[in-house]
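Thank you all for coming; I would like to take a few minutes to walk through one model with you. Please have a look at the sequence and the structure first, and then we can go through some details together.

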Amino acid sequence: MLLPSEDDTFAIVIEGDMVAGEGRMTNGVAMVPLRLTAELCGFTVKWNAKDRTVHLTNGTVQTTVTIGRDKYFHATAMPDADGMSRPGALGAAPYITQSRTWVPAELFGLLGEQLEMRGDALYLGGVPNAFTGEADETNAFNIVCKDKTLDKGRMENGVAMVPLREVGEASATP
């Protein structure tokens with residue numbers, strides 16, 4: 001995962017283009033607000049104040065994180081199924097600040113979510129389609145937007161050139 005500069009914030013983007021919140025860098029680790037991110041990914045969140053733990057489940061996979069402890073795992077949440085990953089560190093322990101719990105973004109990768117850091121944005125569910133494949137021998141490549149192949153773009157001096165009018169029109173359709 002490419003990370004933004006230390007002490008930077010970054011957008012949390014879902015469904016390719018909707019900014020849903022803001023993450024932050026903490027000691028070189030991309031951190032996200034736990035409840036917001038978990039709920040965006042379809043998890044239910046339960047706080048246990050006595051143990052200072054947060055349990056997440058989506059019916060298929062589950063985990064419990066402990067405030068102040070850099071140990072993470074995932075386990076099956078399926079009835080009659082057994083399975084758990086070996087606990088491991090992700091570089092930062094969960095912490096609470098201003099009544100918000102922060103965890104490493106990588107926790108959601110561990111739980112099976114697709115995530116990718118691009119520039120100053122963390123994409124949950126993947127980066128929106130823009131270019132697919134490599135440029136061919138004519139320096140052309142397919143332009144894909146909202147899973148619709150629009151046309152061919154071309155490479156000029158290492159820069160991807162695309163017909164913006166067509167891409168913009170496809171982005172505006174539901």
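Let me start with a question: is E39 buried, partly exposed or exposed? The relative accessible area of E39 comes out at 43%, and E39 is therefore partly exposed, since that class lies between the limits of 20% and 50%. Before I go further, I should say that this is a predicted model, so please keep that in mind for everything that follows.

E39 is also a good place to begin for another reason, which is its partner. The side chain of E39 forms a salt bridge with R35, and the closest N and O atoms of the two are 3.2 Å apart. The structure holds one salt bridge, so this is the one to look at. Both residues belong to helix 1, residues 34-40, where they are four residues apart, which means that about one helical turn separates them. R35, for its part, is partly exposed as well, with a relative accessible area of 41%.

R35 leads us on to the second largest pocket, because R35 is one of the residues that line this pocket. The space in the second largest pocket is about 170 Å³, and its lining consists of P33, L34, R35, L36, V45, W47, V54, S99, R100 and T101. Helix 1, strand 4 and strand 9 are the elements that each give two or more residues to this lining, and the largest share, three residues, comes from helix 1. Sorted by character, the lining residues are six nonpolar, two polar and two charged.

One of those lining residues, S99, deserves a moment for its backbone. Phi of S99 is near 60°, which is a positive value in a residue other than glycine. S99 sits in the loop between strand 8, residues 95-97, and strand 9, residues 100-104, and with a relative accessible area of 78% S99 is exposed. R52 also has a positive phi while not being a glycine, in this case near 55°. R52 is found in the loop that runs between strand 4, residues 44-48, and strand 5, residues 53-57, and its relative accessibility of 42% makes R52 partly exposed.

Those two strands take us to the sheet. Strands 4, 5, 6 and 7 form an open sheet of four strands in the order 4-5-6-7, and the pairing is antiparallel. Strand 4 and strand 7, the latter being residues 75-76, are the edge strands, each pairing on one side only. Between strand 6, residues 61-66, and strand 7 the antiparallel pairing is made over two bridges, and Q62 has A75 in strand 7 as its bridge partner.

Finally, which aromatic pair do we find, and how are its rings arranged? The structure holds one aromatic pair: the rings of F43 and F108 have their centres 6.4 Å apart and their planes at 70°, so the pair is edge-to-face. F43 lies in the loop between helix 1 and strand 4, whereas F108 lies in helix 2, residues 106-110, so the pair ties together parts that are 65 residues apart in sequence. As for their surroundings, F43 is buried at 3% relative accessibility, and F108 is buried too, with a relative accessible area of 1%.

Terms used. Residues are numbered from 1 along each chain as its sequence is written. This is a predicted model: local features need pLDDT of at least 70, side-chain atom pairs count only at pLDDT 80 or more; totals for chains, interfaces and linings use all residues. Side-chain values use heavy atoms; hydrogens and water are left out. Buried means under 20% relative accessible area, exposed over 50%, partly exposed in between (1.4 Å probe, protein chains only). Two strands pair if DSSP finds at least two bridges between them. A salt bridge is a side-chain nitrogen of Lys or Arg within 4 Å of a carboxyl oxygen of Asp or Glu. On a 1 Å grid over the protein atoms alone, a cavity is a set of points where a 1.4 Å probe fits but cannot get out, and a pocket is an open set with protein on both sides within 12 Å along at least five of seven lines; lining residues have an atom within 4 Å of a point. Grid points are joined across faces, edges and corners, and a volume is the space filled by probe spheres set on the points. Ala, Val, Leu, Ile, Met, Phe, Trp, Tyr, Cys and Pro count as nonpolar, Asp, Glu, Lys and Arg as charged, and the others, Gly among them, as polar. Rings of Phe, Tyr and Trp (its six-membered ring) pair if their centres lie within 6.5 Å; planes under 30 degrees apart count as stacked, over 60 as edge-to-face and the rest as tilted.
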